[in-house]
Amino acid sequence: MDLADLTFVGITHHHSDHNADLGTLLHLAWCDSLRTPVEVRGPRPLDEMMEAFFRFSDADVSTRIADEGRPPFRGLVRHAEVHQAGVVFEDDLVRISAARVEHPPMDAFAYRIDTADRSFVISGDTAPSEALIDLARGADVLVHEAIHLPSIEASVARSNGTRLREHLIDSHTSVDDLGRIATAAGVGTLVVSHLVPADAALPDEDWIGPARRTFSGEVLLAHDFRVI
Ligand SMILES: [Zn+2]
């Protein structure tokens with residue numbers, strides 16, 4: 001997308017694979033040709049992190065404002081923390097709602113994006129979640145994270161063993177549960193995404209096949225730049 005068109009960023013939780021480029025994305029958009037505000041939502045400590053990024057980037061930002069006549073960066077970034085379920089942003093085109101999901105010990109949210117003609121839900125990282133099913137009820141597309149439990153043992157062996165295994169099981173959703181979740185929510189399409197472990201090198205069928213046994217809608221495997 002054209003970075004000047006950026007209007008909303010939703011952070012699901014603050015593991016680095018979900019937020020690492022937040023400041024850089026906004027800064028890059030501002031350095032490009034951003035002239036309209038961007039709304040940023042996410043769990044705490046989002047406000048503290050954004051203020052820290054404004055300090056981090058100030059040497060560059062203040063120089064560019066003086067030398068290139070750019071508008072104030074801070075004035076174009078409207079950040080607010082999400083503390084509970086509900087609508088987090090709404091304009092003439094979209095309504096974005098959040099639900100608290102299960103990704104201990106993180107504060108974590110899923111988002112639903114409703115437009116005039118389609119609705120999308122992004123689970124973020126979560127164990128099976130009734131709140132997510134409620135949020136996703138009747139949506140056209142559910143993008144849901146997935147873990148392939150037989151494949152995590154190599155990662156577990158390289159780390160602190162039992163603790164990592166417990167974390168992965170408690171905070172992610174097995175591929176065997178995805179079909180039940182999509183059926184319970186009544187969505188049209190399930191997109192299996194955020195594959196754990198990322199280096200499993202499994203055939204596509206191992207990620208999407210189990211869901212097809214308990215969900216009659218369309219099941220797709222996410223990959224970078226896929227358009228749905
Ligand atoms: Zn996570």
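Q: Contact means heavy atoms within 4.5 Å; against which elements do the buried residues of H10 pack in this predicted model?
A: The buried residues of H10 pack against S8, H9, S9 and S10, and the residues of this helix that are buried are Trp207, Ile208, Gly209, Pro210 and Ala211.

Q: What makes the site of the zinc ion irregular?
A: The zinc ion has 4 donor atoms, with angles of 91 to 166° among them. Four donors count as tetrahedral only if all angles lie between 85 and 135 degrees, and an angle of 166° falls outside that range, so the tetrahedral label does not apply. The site is therefore classed as irregular.

Q: How do you know that His13, His15, His103 and Asp125 are donor residues of the zinc ion?
A: Donors are N, O and S atoms within 2.8 Å of the metal. The zinc ion is coordinated by NE2 of His13, ND1 of His15, NE2 of His103 and OD of Asp125, at 2.2 to 2.3 Å, so these atoms satisfy the cut-off. Along the sequence, the donor residues follow the spacing H-x1-H-x87-H-x21-D.

Q: Why is His13 called buried, and why is His15 called partly exposed?
A: Buried means under 20% relative accessible area, and partly exposed lies between that and the exposed class, which begins over 50%. His13 has 0% relative accessibility and therefore counts as buried, whereas His15, with a relative accessible area of 22%, falls in the partly exposed class.

Q: What makes the radius of gyration of the chain agree with that of a compact globule?
A: For 228 residues, a compact globule would have a radius of gyration near 17 Å, and the chain has 19 Å, which agrees. Taken along the principal axes, the C-alpha atoms fill a box of roughly 60 × 45 × 30 Å. The chain has 10 helices and 10 strands, and buried residues make up 46% of its 228 residues.

Q: Which residues touch the most other members of the largest nonpolar core, and what makes a set of residues a core?
A: A nonpolar core is a set of buried residues of certain nonpolar kinds joined through side-chain atoms within 4.5 Å. The largest one holds 27 residues, and those touching the most other members are Val121, Leu142, Val187, Leu190, Val192, Trp207 and Val219. Helix H6 (130–136), strand S8 (141–147), helix H9 (175–185), strand S9 (189–196), helix H10 (204–212) and strand S10 (218–221) each supply at least two residues of this core, and H9 gives the most, with 5 residues. A second, separate core of 19 residues includes Val38, Leu46, Met50 and Val61.

Q: Why is His144 called buried, and which residues does it touch?
A: His144, which lies in strand S8, has 1% relative accessibility, and since buried means under 20%, it counts as buried. Not counting residues up to four places away in sequence, the residues that His144 touches include Ser123, Thr126, Leu132, Thr173 and Leu190.

Q: What is notable about phi of His194 and of Phe225, and why is one called partly exposed and the other exposed?
A: His194 has a positive phi of about 50° although it is not a glycine, and Phe225, likewise a residue other than glycine, has a positive phi near 70°. His194 is in strand S9, while Phe225 lies in the segment after S10. With the exposed class set at over 50%, Phe225 at 81% is exposed, whereas His194 at 26% counts as partly exposed.

Q: Which peptide bonds are cis at Pro45 and at Pro197, and where do these prolines lie?
A: The bond from Arg44 to Pro45 is cis, with omega near 10°, and Pro45 lies in the loop between strand S2 (38–42) and helix H3 (46–56). A cis bond also joins Val196 and Pro197, where omega is about 0°, and Pro197 is in the loop between S9 and H10.

Q: Why is Met49 called partly exposed?
A: Met49, in helix H3, has 31% relative accessibility, which lies between the 20% and 50% cut-offs, so the residue counts as partly exposed. Leaving aside neighbours within four places in sequence, Met49 is in contact with His14 and Asn19.

Notes. Residues are numbered from 1 along each chain as its sequence is written. This is a predicted model: local features need pLDDT of at least 70, side-chain atom pairs count only at pLDDT 80 or more; totals for chains, interfaces and linings use all residues. Side-chain values use heavy atoms; hydrogens and water are left out. Donors are N, O and S atoms within 2.8 Å of the metal (3.2 Å for Na, K and Ca); water is not among the atoms, so sites may look incomplete. Four donors count as tetrahedral if all angles lie between 85 and 135 degrees; four count as square planar and six as octahedral if opposite donors are over 155 degrees apart and all others between 65 and 115; anything else is irregular. Buried means under 20% relative accessible area, exposed over 50%, partly exposed in between (1.4 Å probe, protein chains only). Helices (H or I, at least four residues) and strands (E, at least two) are DSSP runs, numbered from the N terminus. The radius of gyration is taken over C-alpha atoms; the globule rule is 2.2 Å times the number of residues to the power 0.38. Contact means heavy atoms within 4.5 Å.
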